[in-house]
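Work through the exercises below with the sequence and the model open. Try each task before reading its solution.

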Amino acid sequence: MNRVLAHTGARYPIVQAPMGWIARTQLASAVSRAGGLGIIETSSGETEACQAEINKMQALNLPFGVNLPIRFLRDDAMLKFVCNSGVKFVTTSAGSPAKFIAPLKGAGITVYHAVPTVETALKCVEAGVDGLVVEGAEGGGFKNPEEVSTLVLLQGIRARSDVPMIAAGGICDGRGMAAAFALGAEGIQMGTRFVSCSESPVHANYKNAIVDAKETGTLVLNKKSTPCIRALKSERTRAIYDEGLMAPDALKGIRDVYFHGDMEAAPALAGQSAGLIDEVKPARQIIEETVAQFFAITGRLGGLASAKAFG
């Protein structure tokens, strides 16, 4: 059996990324109802609000997960809450998961850690994670300044470890899913695609900016400092890119981007897959089209393999 499905309880191995403020019940429940796995964020730092969202998802009796971004958690309140909440699946990120693994697994929770390099992946496997979210440089949001593509990461990690991998970065449809599976992944995570879906709580201006973007429509910012991020091109992000450094408070206005549509209030986080997205669609349509395209491609490749032909 597909190990990601076994670990998540979802119908399809398609996971929604844990975007701060965005990845809450409205979006996560739409993804889970459609057969994917919705994830509740905690990176916003709004502990009580995120705990309430977890409770809402529990009440819906849908499969879902929670993300714990280690570096952004002020204390252990969220960790303790998750361990006592009945949550079954957690992704950790932004730091070493070593101290989190024992309490999470002690609570019966499956733990996947998000990794940007092969070296980090192997350290996490040694620490005892159940699986990995393999995040290539194509993805939006917080990035490793040493950019490694999803294509290379999946191959590099699979060559040295057999743990289940969820591929993230540059994937928004069945083509990307089929490619990821060919390289050893057993699931995919999509962020930019779900940010721009109908049920996403973000402003139409943000969704339309993703739809209108080209494959060259993002920039990696602040590579010589932290946080390093990938965001849509705009007057603000071009200025930051030219400067080379981002002000410490540059993301302060991110909620004005998300919920008020002011696309210059802060860098609008998005991945290179924005250039592949040309329409706002419901989460169910996105997932069903992704699955259908995945099976069409893998079916064709299976036929080639059976015939020992290249087409």
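**Exercise 1: the antiparallel sheet**

F142 stands opposite I229 in β11. This is a predicted model, where local features need pLDDT of at least 70, side-chain atom pairs count only at pLDDT 80 or more, and totals for chains, interfaces and linings use all residues. Residues are numbered from 1 along each chain as its sequence is written, and side-chain values use heavy atoms, with hydrogens and water left out.

Task: find what order the strands have in the open sheet of three strands.

Solution. Start with the bridges: three join β7 to strand β11 (residues 228-232), and the two run antiparallel. Strands are DSSP runs of E with at least two residues, helices are runs of H or I with at least four, and both are numbered from the N terminus. Two strands pair if DSSP finds at least two bridges between them. The order is β7-β11-β10, with antiparallel pairing. The edges are β7 (141-143) and β10 (218-221), each paired on one side only. Neighbouring strands are turned by 30° against each other on average, direction ignored. Last, add the helix: α11 (residues 235-243) packs on this sheet and touches β10 and β11. Its direction makes about 40° with that of β10. Contact means heavy atoms within 4.5 Å. Axes are lines fitted to C-alpha atoms, for helices over the stretch in contact, and angles run from 0 to 180 degrees between N-to-C directions.

**Exercise 2: the parallel sheet**

Task: name the edge strands of the open sheet of eight strands.

Solution. Write the order: β1-β9-β8-β6-β5-β4-β3-β2, with parallel pairing. The edge strands are β1 (14-16) and β2 (38-40). Check the β2 side: three bridges join β2 to strand β3 (residues 64-69). There, I39 has G65 of β3 as its bridge partner. Then place helix α6 (residues 118-127), which lies across β5 (110-115) and β6 (131-135) and runs at about 160° to β5.

**Exercise 3: two helices**

Task: describe how α2 and α3 cross.

Solution. The axes of α2 (residues 25-33) and α3 (residues 47-60) come within 10 Å and cross at roughly 30°. The helices are therefore roughly parallel (angles under 35 degrees). The contact is made by T25, A28, S29, S32 and R33 of α2 and E53, K56, M57 and L60 of α3.

**Exercise 4: an aromatic pair**

Task: classify the pair of F89 and Y112.

Solution. The structure holds six aromatic pairs (Phe, Tyr or Trp rings, the six-membered one for Trp, with centres within 6.5 Å). In this one the centres are 5.1 Å apart and the planes are at 55°, so the pair is tilted (neither under 30 degrees, stacked, nor over 60, edge-to-face). F89 lies in strand β4 (residues 89-93) and Y112 in strand β5, so the pair ties together parts 23 residues apart in sequence.

Notes: Parallel < 35°, antiparallel > 145°, perpendicular 65-115°, else oblique.
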